[in-house]
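Q: Could you walk me through this structure? I'd like to go through it piece by piece.

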Amino acid sequence: DSHDVQNQLQNVKQIAASDYAFAAISAVSDRVTQVVTWGEPGAGGDSNSVQDQLTNVCEIYGSHAAFAALLADGRVVTWGDADYGGDSNTVQEQLTDVQQIRCTASAFAVICADGHVVAWGDPES
């Protein structure tokens, strides 16, 4: 239920979903965006741990229980269940100049500007 965040859901540009949570990109001004999340906290419904990094978000993608946000500068921020891609710390240094994100139920993959692919989440995916 989005009742608790309803007042933050203004000028929404995109909504993404995991199986148990939602994430919305809301335009605060012409150049500033914020991300609003709700739903099951462990499945991406709580982005407080990365909220300060979620500025100038272009797109958000959801796996089964995690989210990945593509920032305007080509960086990626993740949150949610680590088993489903919510923790990208092991590949974070490689997540630069990201052009595209795709996901499965349990992993994320990106294409960087130089054409290489970086993936994280469930290694079986």
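Q: Let's start with Asp-73: is it buried or exposed?
A: Asp-73 is partly exposed, because its relative accessible area is 46% and buried means under 20%, exposed over 50% and partly exposed in between, with a 1.4 Å probe and protein chains only. Asp-73 sits in the loop between S5 and S6, where strands (E, at least two residues) are DSSP runs numbered from the N terminus.

Q: And which side chain does Asp-73 contact?
A: The side chains of Asp-73 and Arg-75 are joined by a polar contact of 2.7 Å; such a contact is a pair of N or O atoms within 3.5 Å, and within protein one must be able to donate a hydrogen and the other to accept it, while residues adjacent in sequence count only if both atoms are side-chain atoms. Asp-73 is also 8.4 Å from Val-98, C-alpha to C-alpha, with the two positions 25 residues apart in sequence.

Q: Before I lean on those numbers, what kind of model is this?
A: This is a predicted model, in which local features need pLDDT of at least 70 and side-chain atom pairs count only at pLDDT 80 or more, whereas totals for chains, interfaces and linings use all residues. Residues are numbered from 1 along each chain as its sequence is written, and side-chain values use heavy atoms, with hydrogens and water left out.

Q: What is the mean pLDDT of the chain?
A: The mean is 94, and 100% of the residues reach 70 or more, pLDDT being the predictor's confidence in each residue, from 0 to 100. Confidence is lowest in S3, at a mean of 93, and highest in strand S6 (residues 76-80), at 98.

Q: Switching to Ser-63, where is it found?
A: Ser-63 lies in the loop between strand S4 (57-62) and strand S5 (66-71), and it counts as buried because its relative accessibility is 4%. Its side chain reaches the backbone oxygen of Tyr-84 at 2.7 Å. Leaving aside residues up to four places away in sequence, Ser-63 touches several residues, among them Ala-17, Asp-19, Cys-103 and Phe-108, where contact means heavy atoms within 4.5 Å.

Q: How are S2 and S3 joined?
A: A hairpin connects S2 to S3 through five residues, and the two strands run antiparallel with seven bridges between S2 (residues 21-27) and S3; strands pair if DSSP finds at least two bridges between them. Thr-33 in S3 is the bridge partner of Ala-27. Strand S3 (residues 33-39) is largely enclosed by the rest of the structure, because five of its seven residues are buried.

Q: How many aromatic pairs are there?
A: The structure holds three, with rings of Phe, Tyr and Trp (its six-membered ring) pairing if their centres lie within 6.5 Å, and planes under 30 degrees apart counting as stacked, over 60 as edge-to-face and the rest as tilted. One of them is the stacked pair of Phe-22 and Trp-38, at 5.4 Å centre to centre and 25 degrees between the planes. Phe-22 is partly exposed at 38% relative accessible area, whereas Trp-38 is buried at 12%.

Q: Last topic: which strands stand at the edges of the S7-S8-S9 sheet?
A: That open sheet has three strands in the order S7-S8-S9, with antiparallel pairing. Strand S7 (98-103) and strand S9 (117-121) are at the edges with a single partner strand each, so one side of each is left without a neighbour in the sheet. Strand S8 (residues 107-112) pairs with S9 over five bridges, and Val-110 has Val-118 in S9 as its bridge partner.

Technical notes
Helix = DSSP H or I, 4+ residues; strand = E, 2+ residues; numbered from the N terminus.
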